[in-house]
Amino acid sequence: MRKKTPLLSIKQQQDIRSLAAFRILAGLYIVYDIFSRLQYGRLSLLWYTSIPADQSFLHPDDTPHRSPIHRIWFYRGSESFQLFVFAVTLVLSCMFAVGYKCNVGTKTLLWLNVVAMSCRCMPPHDGSDTYLRHLLLWSIQLPVSKVWSLDSYFATKNHRSHTSETKPISRCNRNISPYSYEIENWAAVWGIRLQIVIMYFGTVLHRTVDAYGIWNIHKSAWLPPQLTAVHYALSGSFSTRDCWLGDLVRSTLPLSRFMTMTAMLIETFAPIACLVMSDEYVHIPAFLLGHLHFGLLVLMNLPNWQFVGMLSNVIWIPGWVWDCMQRSLSMKCGRLCSPPLVPLTSESMRKKDLDIDRDGNINTPKVEDGNRRKIRRRSLLSYVFLFYMLYDFSGNRGWIKKVDNGDVGEFLRFSQFWVMFSGPPKSAGHILATGTLNEVENVNIWQWMKDGRIEVVDLESFENKIWTNMTHVYPSPRTERAMSDMSTKDTRKLIHFAQSLCRATPFTHVQMNLQNMQILSPEIDISKRYAKVRNDRSITADC
């Protein structure tokens with residue numbers, strides 16, 4: 001009779017196939033991110049340069065990173081230098097995805113380059129960049145290339161060419177999966193798992209307790225009795241897809257409130273459930289998290305956030321899921337996929353003439369002193385990062401006093417201050433870039449950047465009519481993020497951008513048209529999204 005599996009258990013086995021799947025997906029995502037950042041060629045590259053200053057979209061001093069080391073690490077420089085840096089990052093991400101030379105040094109170089117790629121240009125930066133680089137930092141200390149990689153393929157091939165014996169197995173218990181005993185640094189395993197939990201939990205706290213206090217959290221739009229956060233998010237202009245499903249959710253208050261409630265429940269409890277549920281059930285909350293991000297991808301034009309959110313949750317996939325997949329694939333494509341390994345029993349160990357103790361554990365030769373010292377050093381470093389992650393998170397919440405004021409975390413770009421989708425927007429702003437091209441006035445620059453088409457805009461109509469599909473007007477989600485950042489801050493950034501855009505393009509005149517509006521409460525009129533605010537303005541630049 002099969003033994004009943006408990007629902008809760010913190011003794012989960014981290015399957016190295018889940019780590020390998022994360023490595024592959026993360027590597028492919030970084031490749032996608034690089035191409036999406038540079039999809040418009042030179043006009044995309046100018047976000048990352050500082051030489052020449054009059055053509056770079058950001059002023060050389062426009063950076064929050066003032067320390068000398070950060071100025072070197074996040075140096076912008078010329079277009080040629082940036083092309084070189086992006087090329088190096090692309091090569092490292094491809095090596096990471098296929099698992100070639102995927103050692104500590106290569107993974108560290110990738111992490112350094114990914115951090116620099118996002119921090120060189122902060123206006124298009126969002127929380128997905130922070131989340132990804134934190135996960136990459138933990139992956140440095142984990143065996144992400146033990147399977148499904150070129151490294152494992154060459155290691156197996158090299159071993160078979162030198163000996164006909166089976167490769168020695170590390171000391172393991174007979175009940176532990178063969179895909180879990182390869183992990184020696186369990187501090188790093190707990191680190192990457194807690195990093196996922198802290199990201200979601202910190203976001204929930206920022207929406208509720210941090211903003212309103214423990215006794216007034218009912219005032220949050222994410223909690224009853226309001227539950228209006230989804231309505232405001234879909235009524236705003238930022239990243240809101242213009243589709244029938246979004247219109248349905250926005251115009252149906254009970255539906256938007258239900259979605260707000262379920263989103264909060266999933267973000268609050270699903271990550272914690274992933275951490276404490278047994279391997280038999282952990283896939284359920286992991287699936288709910290992935291489903292949440294997929295739903296957001298359908299409604300919101302935030303592909304980076306949703307891709308990173310979905311790929312990070314493959315870490316929770318238990319071994320029995322991979323066993324079923326491998327078993328099924330091996331029966332259909334035996335040459336391409338081998339059946340999964342099974343845990344060794346005492347009887348099978350004796351048949352293989354393996355030395356076992358009275359508890360059924362394998363007694364293998366002692367690890368060489370040099371390798372043992374390396375393992376200890378890596379585990380010690382993982383414990384340091386694990387401690388600082390918990391310390392910085394608690395300090396940001398005000399639970400403890402931060403001795404370093406968070407400087408170490410900011411130096412390593414390892415801060416645990418999570419504010420994604422914090423307060424729903426109560427106002428919205430659009431920026432439409434127009435210009436004069438070949439003596440044709442009021443040309444839509446965003447459309448010209450996308451496909452080179454000359455589209456004339458009726459500015460009088462733009463001033464009097466509210467555009468509800470601006471996320472589809474911007475060239476890319478990152479451009480929309482940058483314009484959203486510039487429209488709410490000092491207009492000097494926007495002035496410099498307009499002047500640089502005019503010098504870097506054939507336009508002889510550039511005008512940035514800002515449109516502001518107030519998002520209506522669902523209690524006022526559920527059928528209307530905005531109320532016009534008469535503080536529109538424009539910024540012009542002539543070449």
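Buried means under 20% relative accessible area, exposed means over 50%, and partly exposed is whatever falls in between, using a 1.4 Å probe and counting protein chains only. By that yardstick, 50% of the chain's 543 residues are buried. This is a predicted model, so local features need pLDDT of at least 70 and side-chain atom pairs count only at pLDDT 80 or more, while totals for chains, interfaces and linings use all residues. Residues are numbered from 1 along each chain as its sequence is written, and side-chain values use heavy atoms, with hydrogens and water left out.

**Figure 1. The whole chain, with its 23 helices and five strands.** Helices (H or I, at least four residues) and strands (E, at least two) are DSSP runs, numbered from the N terminus. The accessible surface adds up to about 26,900 Å², and carbon and sulfur atoms own 61% of that; these areas come from the Shrake-Rupley method with a 1.4 Å probe, and for residues only the protein chains shown count as cover. Now for contacts, meaning heavy atoms within 4.5 Å. Among those between residues at least 6 apart in sequence, 73% join residues at least 24 apart.

**Figure 2. Inside the largest cavity, about 110 Å³ in volume.** A cavity is a set of points, on a 1 Å grid over the protein atoms alone, where a 1.4 Å probe fits but cannot get out; lining residues have an atom within 4 Å of a point. Grid points are joined across faces, edges and corners, and the volume is the space filled by probe spheres set on the points. The whole structure holds four cavities of 30 Å³ or more. In the largest one, 13 residues make up the lining, and Arg37, Trp47, Ser476, Arg478 and Thr479 sit closest to the centre. Helix H1 (16–37), helix H2 (42–45) and helix H22 (477–487) each chip in at least two lining residues. By type, the lining has six nonpolar, five polar and two charged residues. Here Ala, Val, Leu, Ile, Met, Phe, Trp, Tyr, Cys and Pro count as nonpolar, Asp, Glu, Lys and Arg as charged, and the others, Gly among them, as polar.

**Figure 3. The second largest cavity, with a volume of about 60 Å³.** Its lining includes Pro124, Asp126, Phe238, Trp305 and Arg481. Helix H14 (303–312) and H22 each provide at least two of the lining residues. Sorted by type, the lining comes out as six nonpolar, three polar and three charged.

**Figure 4. Arginine 17 and aspartate 323 joined in a salt bridge (2.8 Å, N to O).** Arginine 17 belongs to helix H1 and aspartate 323 to helix H15 (residues 319–332), so the pair ties together parts that are 306 residues apart in sequence. A salt bridge here is a side-chain nitrogen of Lys or Arg within 4 Å of a carboxyl oxygen of Asp or Glu. Why would such groups pair up? Side chains of opposite charge can do so when their charged atoms come close. Both partners are tucked away: arginine 17 is buried at 0% relative accessible area, and aspartate 323 counts as buried at 17%.

**Figure 5. More of the 15 salt bridges found in the whole structure.** Glutamate 79 and arginine 42 meet through their side chains at 3.1 Å, N to O. This pair links distant parts of the chain, with glutamate 79 in helix H4 (residues 79–98) and arginine 42 in helix H2, 37 residues apart. Glutamate 79 is partly exposed at 21% relative accessible area, and arginine 42 is partly exposed at 35%. Arginine 413 and glutamate 410 also form a salt bridge (2.8 Å, N to O); arginine 413 is buried at 9%, whereas glutamate 410 is partly exposed at 36%. Elsewhere, a network of salt bridges links Asp33, Arg37, Asp129 and Arg478.

**Figure 6. Threonine 434 in strand S1 (residues 427–437).** Is threonine 434 buried or exposed? At 2% relative accessibility, threonine 434 counts as buried. Glutamine 511 is 77 residues away in sequence, but the two C-alpha atoms are 5.3 Å apart in space. Leaving out neighbours within four places in sequence, the contacts of threonine 434 include Asn442, Val443, Leu459, His509 and Gln511.

**Figure 7. Alanine 233 in helix H10 (residues 229–235).** Alanine 233 is partly exposed, with a relative accessible area of 23%. Beyond its neighbours within four places in sequence, alanine 233 is in contact with Thr240, Met300 and Pro425. The C-alpha atom of lysine 426, 193 residues along the chain from alanine 233, is 8.8 Å from that of alanine 233.

Terms used. 1 Å grid on protein atoms, 1.4 Å probe; cavity = no way out; pocket = protein on both sides within 12 Å on 5 of 7 lines; lining within 4 Å.
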